[in-house]
Amino acid sequence: MTEHDALLRVVEDARRRLAARRAWWWGGRVALTGAGAALILVVVRAVIPVEIPPAIVAVGAVAAGLVAAAGVRLATRPSPLIAAQVLDRRFGLADRLATAVELLIGRHPQTALAAVAVDDAAAHAAALELRRTLPGGPDRTMAAAVLMAALAAALGGALGGLALPGTPAHEVVRTIKREGRRLERAAETIEERARAERARIARRTAPALQRLGEALQRERMERRDALARLEALGRQVEAERRNVRARREQLAGERPGRPELPSDLFQQRAAVDRALRQIRELTDRLATARTPEERAALMRQLALLAGGGEQGDVPARTREQAEAARQQMAGGDAAAARRTLQQSASELDDLRAMLADEEGLEQAQRDLRRSADQIAGGRASPEEAADELPQAGARPGPPAPGDRPPSEARGQEQAEPLPGPNQGTTPGEGAIEQKLGARTQRLQADREQTRIEGLRGEGRTITSELLGPGRAARVTAPARPAVAAARAEADRYLARLRVPPEYREIVRRYFEALAGAR
Amino acid sequence: MTAARGEGQMDVETFRATFEAVRRQMQRVIVGHEALIDHTLMALLANGHVLLEGVPGLGKTLLVKTLAQCLDLRYARIQFTPDLMPADIIGTTVVLQDDAGRRYFEFQRGPIFSQIVLADEINRATPKTQSALLEAMQERQVSVSGAAHPLEEPFLVLATQNPIEMEGTYPLPEAQVDRFLFKLKVDVPTIGELVEIMERTAGPPQPPPEVVATGETIRAMQAFAREVPAAEHVKTYTARLVRATHPRDGEASSLARRYVRYGSSPRGAQALLVAGKVRALMEGRANVSVEDVAALALPALRHRVLLNFEGEAESVDPDDIIQSIVAELPPAPATATWTP
């Protein structure tokens, strides 16, 4: 290898290193910018609910930096001349390498000193240690970007769910906690109902719902995490519900595509209850039936039951068992018929419990979905928001029909309402009643406290519209002599302004004409 | 590092050694003024001329005389006065009579026919006389009565002018100023230098400087310097530097934009590059660098920058303008992308 080859090799090495350094420089800037954005995101999330986690942004920033570095590395590379110039500048070689490269590639006319210049440059190039002085690896910016990204990810994890009071992010945190309380209460309700109705699976699910509610209240949780946990529990409950439904359909003896029971769970329970009552009644009557008439009546009842009952919603298995009992009775084996009916009652009891299970699980699903909706929307439902307020007497709820307004209620105790600075249409000018007259009279009816049993969404919603004439009432707004007042005001202005007398007279006549017209 | 040139052998080391030897001999006589000596030698080796500016008594004449002694060159000093005529410089044709009584014309050579000419206080002569130097400086020949008389190489004109005493002077026209490769300022010596001057001149006479090079050597060195290669970006930098002295150029400094009426001519770029080559050899290099050009920007450009009225009114020093240009001009913009 000649000295000239060595020189070109050094320049080529410098090209590679410069390209790599530039690539890392750009990659570092991109990553640093992204990592900075991740750090900013950590702070912003304490104010505004942002769903993107800083860790993802941080990792994305480093990845984007690497991609940018790779792209720059592949797309750009300095020419040998530029590389030589850079080496000249960096190592103080007084443009030896650039001149020599130009001479070697024939860009410069050969002079008597050309060979000398190239030899001189080659000698200087041989002494260069590019590995140490021009490293081609990641620069400090990239390292700083990685550190910053790691810091952003760590801070994002440590400060996740932290929100400054009075900010939208804080509102989300409050919503999560409120929904946690609500889920806890819902879990208690489901458990109580499940215990009462011997719904074992629903009872098993309630603690999971309760634990989730407690976790939402206790842990500093972000919206995304809360939604994920709600979804996870929702999936679990859905799987349970599917199992219960499959077992229930099996127990009811339903064939696919030909359900005998109504699709609505509530109606199903009613049908099962009805069938259960009839089976029990028939079982009791079977024990006491002595006369042929009584037995014939029982046979008719069993035949009716085997045919689907009066409403045709008796489960298929029960129908079969009723038919079996009827045939046993017809064969004169009343004891066997009674055992069959007892067996049927027992199975219906199990079916009822499964329906309760399914209903409890559906309720849990509804609660979970609702909480997810509320948390995703970042706000609490009005009733839940009301739960946040002090419970006893601090603030009354919305007035019911027939309620008397608070001011009226006060009026019974105090003869004259005290005028306050915020009363009236204009502050300090009296109460609304004084300006607009008394309130329209309300219906004279006592308010009744009614508590409706049941769960939301269970009952039917009835909407009706009442049409009719409004009640005649006396106008209470005081009449004012508007034209006279306007004329007096015009007089005052005319007296103040410098208006020529002839025009003043025209104005006066105009207002007098108005007054006359009235 | 040897390169054959002409009849003799010259290489970078010989060039440098000769330069050093001449400089050493001049420093034996001249106290201080290292930059002045270096630049004068560079101008000589770049085959240019020098305009020296300084108050009287700073050793300008001694510098020129010493240079001539060191190089064994013919030296002439012309004291420029208002009544000096062109013929006093160039020479004149006289009528002579031979032994046979026949008359004939003969050209009597003037002091310009020397190798080193000191045009002392050149601004005291009339423009007509000053212009007599024009052809000699540029064409290196003198034309009289239709006949061209070449001047012997090496030929160096060192003109002096007093920057303070301006009464009764004729400022050099721009065309003539542009013909000087360098304009050098002769500064007042420091205390140490003054003490040294006193010791050298108030004591026993010093031995004269030795002849360390000849005219032939200087010519070989001049030719050798022209062989120094200059990279493309160095030439581009030189051109950008010269362009930046013009107020409307995109790379002109703020000072140039404000105070310059007209910037350097292309002669400025030529001067920078040729002198840069000499400087490179002087430093033992076989190539010109951007640093060489930048280092010579002041002597090569300061007399080529014409100030506008505002600059004249505010007594702006062209050196400040040129320094600002050099400071603000990136040497190799193409590398900036690759050196983040």
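In what sense do strand 4 of chain B and strand 7 of chain B pair, and over how many bridges? The two strands run parallel, and their pairing extends over five bridges, with strand 7 covering residues 116-120. Within this pair, B:Ile78 stands opposite B:Ala119 of strand 7 of chain B. The model is predicted.

**The sheet of chain B**

Strands 4 and 7 belong to an open sheet of five strands in chain B, with the order 4-7-10-3-11 and parallel pairing. Strand 4 (75-79) and strand 11 (182-185) of chain B occupy the edges; each has a single partner strand, so one side of each is left without a neighbour in the sheet. Neighbouring strands of the sheet are turned against each other by 20° on average, direction ignored. Helix 2 of chain B, residues 34-45, packs on the sheet and touches strands 3, 10 and 11 of chain B. The direction of this helix makes about 165° with that of strand 11 of chain B.

The elements involved in this packing are as follows.

| Element of chain B | Residues |
|---|---|
| Helix 2 | 34-45 |
| Strand 3 | 50-53 |
| Strand 10 | 156-161 |

**Chain A**

Chain A contains 19 helices and zero strands. Of its 518 residues, 32% count as buried. Among contacts in chain A with a separation of 6 or more, 75% join residues 24 or more positions apart.

**Nonpolar cores**

The largest nonpolar core comprises 156 residues, of which A:Ala35, A:Ala149 and B:Val293 touch the most other members. Helix 1 of chain A gives the most to this core, with 20 residues. A second, separate core has 50 residues, including A:Ala226, A:Leu230, A:Ala345 and A:Ile375.

Leaving aside neighbours within four places in sequence, B:Val293 is in contact with residues of chain B that include B:Val234, B:Tyr237, B:Leu241 and B:Leu272. Also among the contacts of B:Val293 are B:Thr238, B:Leu273, B:Gly276 and B:Val288.

**The contact between the chains**

Chain A and chain B each bring 24 residues to their contact. On the side of chain A that touches chain B, helix 1 (3-44), helix 3 (80-91), helix 4 (96-104) and helix 5 (114-126) of chain A each supply at least two residues. Helix 4 of chain A gives the most to this side, with five residues. By class, the side of chain A that touches chain B has 13 nonpolar, four polar and seven charged residues. Helix 1 of chain A thus appears in two settings: in the contact with chain B and in the largest nonpolar core.

Note on methods:
Residues are numbered from 1 along each chain as its sequence is written. Chains are lettered from A and ligands numbered from 1 in the order in which they are written. This is a predicted model: local features need pLDDT of at least 70, side-chain atom pairs count only at pLDDT 80 or more; totals for chains, interfaces and linings use all residues. Two residues are in contact if their C-beta atoms, placed from the backbone, lie within 7 Å. Helices (H or I, at least four residues) and strands (E, at least two) are DSSP runs, numbered from the N terminus. Ala, Val, Leu, Ile, Met, Phe, Trp, Tyr, Cys and Pro count as nonpolar, Asp, Glu, Lys and Arg as charged, and the others, Gly among them, as polar. A nonpolar core is a set of buried Ala, Val, Leu, Ile, Met, Phe, Trp, Tyr and Cys residues joined through C-beta atoms within 7 Å. A residue is buried if 20 or more other C-beta atoms lie within 10 Å of its own, exposed if 12 or fewer, and partly exposed in between; C-beta atoms are placed from the backbone. Two strands pair if DSSP finds at least two bridges between them. Axes are lines fitted to C-alpha atoms, for helices over the stretch in contact, and angles run from 0 to 180 degrees between N-to-C directions.
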